[in-house]
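Here are a few short exercises to work through with the model open. Try each one yourself before you read its solution.

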Amino acid sequence: VGVLFLSTLLLCSADVHHYEFFVSSLFLYIPTCHSRFVRESNFTKLCNTTTLLVVNDSYPGPEIRVHKGDTVFVNVHNQGNYGFTIHWHGVKQPRNPWFDGPEFITQCPIQPGTNFTYEIILSDEIGTLWWHAHSDWTRGSVHGAFIILPAENETYPFPTPYADQTIILESWYNGDYKQIIDDALAAGVAPRAADAYAINGHLGDTYGCPNDTIFLMEVDSENIYLLRIINAAMNEEQFFTITSHSLIVVAQDASYVRMFTTDYIMISPGQTMDVLVIADQNVGQYYMAIRPFSDSAAPPNDFISTGVFQYTNNEGGLNASLIPLPAMNDTDAMLNFISQIRYTNVSQNPTINVPADTDINRRVYIAIATNTLPCNTSECVSDTRFAASLNNVSFVSPRIDILQAYYGNNITGVFTQDFPFNPPVFYDFTGNLTDFNTEAGEGTRAIMVNYGDAVEMVLQTTQLGAGGSHPIHLHGFSFYWVGIGTGNFNNETDPSTYNLVDPPLINTVHSPAAGWVALRFFANNPGVWYMHCHFERHSSWGMSTVLIVRNGTTTETSMRPPPSTMPSCT
C-alpha cells in the first residue's frame, strides 16, 4: 500500500477555494495557512494495531467547508506506491464529468509520481456531502466531509443552529482494507465482515478493549445543534440515535426535506442527513449510538457503537441499557423512518421539477441480484465465485476509462452501448429462488440516453443469493424518489401509488429487500456517470453500470472539453 500525505492550502476567497493534496511515502511540510497531511499511520483499536491509509494522520480525514455555488480546486499529488482517484460524492459536476473521480469510469488512476487537479463545480447542492477514494476499498479510511454552507445572502430554512457537528459513521477492520478485498476476490469468496463500527473514528465503550476511545460532543443547555451525519461505512446501513433526545431531520443528500421529528434515523452507505437536536434535557451525559440495519440472509455483525452527547458542567453517568435502538432486522422501523422523507418547497431548494407521466420517454427496469461466476484460478476455494449484477450483467471494469473512450470516439473495445433496459428473463424476482440459476453474464455495457430525456428507472431487488436491501448511488445527478413497494413491480398498477407531489430529491436510494423503488429525473447533465451499489462488496462483485447522457445541440448542453492534464492510462 502506498503511503499518503496531504497538505491543504485554502485560499479564503468568497467563491473559489484551492486545496493541495500531497500523497507521499515521506512526511512533507508545505508552509500554508492550513497544513494537513495524508499518510499511512498506525491506529490501535480493539486492542490491535492496524496500519491505515489516512488523511492528515487522522481517521476520518479533514473537512472541506465552502458555500453554495462555490468552486473548489483540489490538486492531488501522488508520491505514493499505487494509483488511486478521489470522488466528490453527491456533487453533480454540471457538464464536467472529467473531475467526478471513479476509477476507470471517468479517469484512470493518478499514478505515483504524478499529480492531477480536480475542479469541483457546485451548483444547487446545500448541506452535507462527502469525499472519498474511489479505487478498490481505499475509501474505507480515505474519506472526509464536504460541507456546503448557505450562500452569503441565504439563511437556513429552519432555526439557525448554535453550532454544527459532523458525524461520520464508519466500518472498522483489523487489517488493510485493500488487502481484504483483494484476497477475497482472488479466492472467490465474500470479504469478511467489519470487526467494529466507528463514530468519527472512535469505537466507543462496548467492545471490551480498555484502550478504545469514545467520541464526545459537548453541548450547552437549551441550544440547537445541527448534526451533519454521513454514512461512510463499507457494507452497513445504520440506525442512529441519541438517548432521551428527539432528532429533527432537515436535509438528505444536500437537499432540504420537510422537517419531521423522530427518535432515530436509518441511513444507508453513501447517504448524508442533516439533523437538528435541542439540548433540552437534564444536564448530564447521554449516549449517541449506532447499530446496523439488515434485511439480508447474510447480515453484518450486530454490534452497537457509542459516542457521548455531553452537557457542560454535567455530573451524570452513562447507562448502556438506556440505548433505544431498533433491532438489526427491524424492517418496520426502517420503513417507518424512510417513509417520512419528503421534499420541501423552500427557496433554498431547487424548484421542484418531477417528470410527469406524459414527459417520460425513457424507461429502465433493473433487476438487482447477487450471483455466481466460474472461478478458474489456483487461489479459488471452489469452482464458482461470488458476483453481482444489474439486469444480469456483472460489470467488468475496463483498463481505459469509459469517458475517454466515449468522448474520443476512436477507442474501441472498452465498453458497449447496449445495457438492457429490461431484465433479460422475467421471473418471480422476490419469490423462493433456491433452485434458480444464479450465474450472471459479464460485460461493460452502458445505458444510453439523450440530453433532456425524462427518465423513469425502477430498481427491482431480487431474492437471488442472500437478497436484502441495496443502497444505489447515481453520480452526476440528484433524482426524485417517487415510489417504493414490496414484491414484484407491476407497471400497470404500481405507478398509481407514486408520489409526484413532494418526492425527496436524493442521490443514493435505499432499495428494500424483496421490493422496488422508482426514480425519475431529467437527463440534463451530459457525460458518463457511474451507477452502483454503495455496499462495497457488491460493487466489487459487479453491481454497477454507467449512464451516458449524450450531448445536446448547444455548447451549454454539451460536455466541457477534457483538460489536458487527465491521468494517462498506463
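**Exercise 1.** In this predicted model, find how strand 27 and strand 30 pair, and over how many bridges.

*Solution.* Start at strand 27, which covers residues 470-474. Put strand 30 beside it and follow the pairing: the two run in the antiparallel sense, over four bridges. For a handy landmark, go to H473, which stands opposite T508 in strand 30.

**Exercise 2.** Place that pair in its sheet: work out the strand order and say which strands are at the edges.

*Solution.* First write down the order, 25-33-32-27-30, an open sheet of five strands with mixed pairing. Next, look for strands that pair on one side only: these are strand 25 (446-449) and strand 30 (508-511), the edge strands. Finally, check the twist: neighbouring strands of this sheet are turned by 20 degrees against each other on average, ignoring direction.

**Exercise 3.** Look at the backbone of D136: what is the sign of its phi, and is the residue buried, partly exposed or exposed?

*Solution.* Locate D136 in the loop between strand 8 (127-133) and strand 9 (143-149). Its phi is positive, about 50 degrees, although D136 is not a glycine. Now take the relative accessible area, 38%. Buried needs under 20% and exposed over 50%, so D136 counts as partly exposed.

**Exercise 4.** Do likewise for N392: where is it, and what is its phi?

*Solution.* N392 sits in the loop between strand 22 (384-390) and strand 23 (393-395). Its phi is about 65 degrees, positive although N392 is not a glycine. With a relative accessible area of 31%, N392 is partly exposed.

Technical notes. Residues are numbered from 1 along each chain as its sequence is written. This is a predicted model: local features need pLDDT of at least 70, side-chain atom pairs count only at pLDDT 80 or more; totals for chains, interfaces and linings use all residues. Side-chain values use heavy atoms; hydrogens and water are left out. Buried means under 20% relative accessible area, exposed over 50%, partly exposed in between (1.4 Å probe, protein chains only). Two strands pair if DSSP finds at least two bridges between them. Axes are lines fitted to C-alpha atoms, for helices over the stretch in contact, and angles run from 0 to 180 degrees between N-to-C directions.
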